[in-house]
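Before reading on, please take a moment with the sequence and the coordinates shown here. The paragraphs below are meant to be followed with the structure open beside them.

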Amino acid sequence: MNTIFRKSMLSVAGLAFAGGVFAGPIAAHANPAVDAKPAAVAVQAPKPQGDQSHITLNDEQTANVKAIIAATKKAGLPERAAVISIATSLQESKLENLGHLGDKNDHDSLGLFQQRPSSGWGTPEQITDPEYSTTAFLKGLKQVDGWQDMPLTVAAQTVQVSAYPDAYAQWEQQATDLVAQHWNS
């Protein structure tokens, strides 16, 4: 039985080698103009998942959108990072820089992203600074392998660890629109 198995494996290896020998020269002479793929292909952001929500923004919320975009640019990250950040902030605070809300507060969550001083996000003063809180969020996002290509809600949830992991998806369209509107302004 062992001899039959060994002969079978040698036959398979021989076929693989022969295939490589014959296909190698053919592949080496392939027409690169026909067979080449473009060096850089623009990656399309995934389409928003599920039903989308929308709110009308006041001046403070719009200023926070601009602060998130500025912090994203300062971090050298692309528009997709700003979309994820804004959608996350829409879910967490409706783009309002939350201070201490007493009994309505989720533990000690503060700022645009409901970050918690007790979880190591920073001091209350830092977390309520839109640039700092965005930079802290983006630092977490950059640690998520493949965040650029995953659904927004998965990327946001991996950073935030929310009790409502799918809730971020509902803000993707508005976040995308806000980034398109304010990225170059």
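What follows goes from the overall build of the chain to its salt bridges and then to one residue in its last part.

This is a predicted model, and its protein holds eight helices and zero strands, so that, with helices and strands numbered from the N terminus, the order of elements reads α-α-α-α-α-α-α-α. Of the 185 residues in the protein, 34% are buried. The area that the protein exposes comes to about 11,300 Å², of which carbon and sulfur atoms supply 58%. Among the contacts with a separation of 6 or more, 60% are between residues that lie 24 or more positions apart.

Which side chains meet in salt bridges, and how many such pairs are there? When a salt bridge is taken as a side-chain nitrogen of Lys or Arg within 4 Å of a carboxyl oxygen of Asp or Glu, the count comes to two. One of them joins the side chains of Lys74 and Glu131, with 2.8 Å from N to O. Because Lys74 belongs to helix 3 (residues 59-74) and Glu131 to helix 6 (residues 130-142), this pair ties together parts that are 57 residues apart in sequence. Lys74 counts as exposed because its relative accessibility is 67%, whereas Glu131, at 36% relative accessibility, counts as partly exposed.

A salt bridge is also formed by Arg80 and Glu172, whose closest N and O atoms are 2.9 Å apart. Here, too, distant parts of the chain are linked, since Arg80 sits in helix 4 (residues 79-93) and Glu172 in helix 8 (residues 172-182), 92 residues apart. Are these two residues buried or exposed? Both Arg80 and Glu172 are buried.

Helix 8 also contains Ala175, and this residue counts as buried because its relative accessibility is 0%, with under 20% being the cut-off for that class. Which residues does Ala175 contact once its neighbours within four places in sequence are left aside? They are Val83, Ile86, Ala87 and Leu90. For Val83, the C-alpha atom lies 5.1 Å from that of Ala175, although the two residues are 92 residues apart in sequence.

Taken together, helix 8 can be followed through two of its residues: Glu172, which pairs with Arg80 of helix 4, and Ala175, which has Val83 and Leu90 among its contacts.

Conventions:
Residues are numbered from 1 along each chain as its sequence is written. This is a predicted model: local features need pLDDT of at least 70, side-chain atom pairs count only at pLDDT 80 or more; totals for chains, interfaces and linings use all residues. Side-chain values use heavy atoms; hydrogens and water are left out. Helices (H or I, at least four residues) and strands (E, at least two) are DSSP runs, numbered from the N terminus. Buried means under 20% relative accessible area, exposed over 50%, partly exposed in between (1.4 Å probe, protein chains only). Contact means heavy atoms within 4.5 Å. Accessible areas come from the Shrake-Rupley method with a 1.4 Å probe; for residues, only the protein chains shown count as cover.
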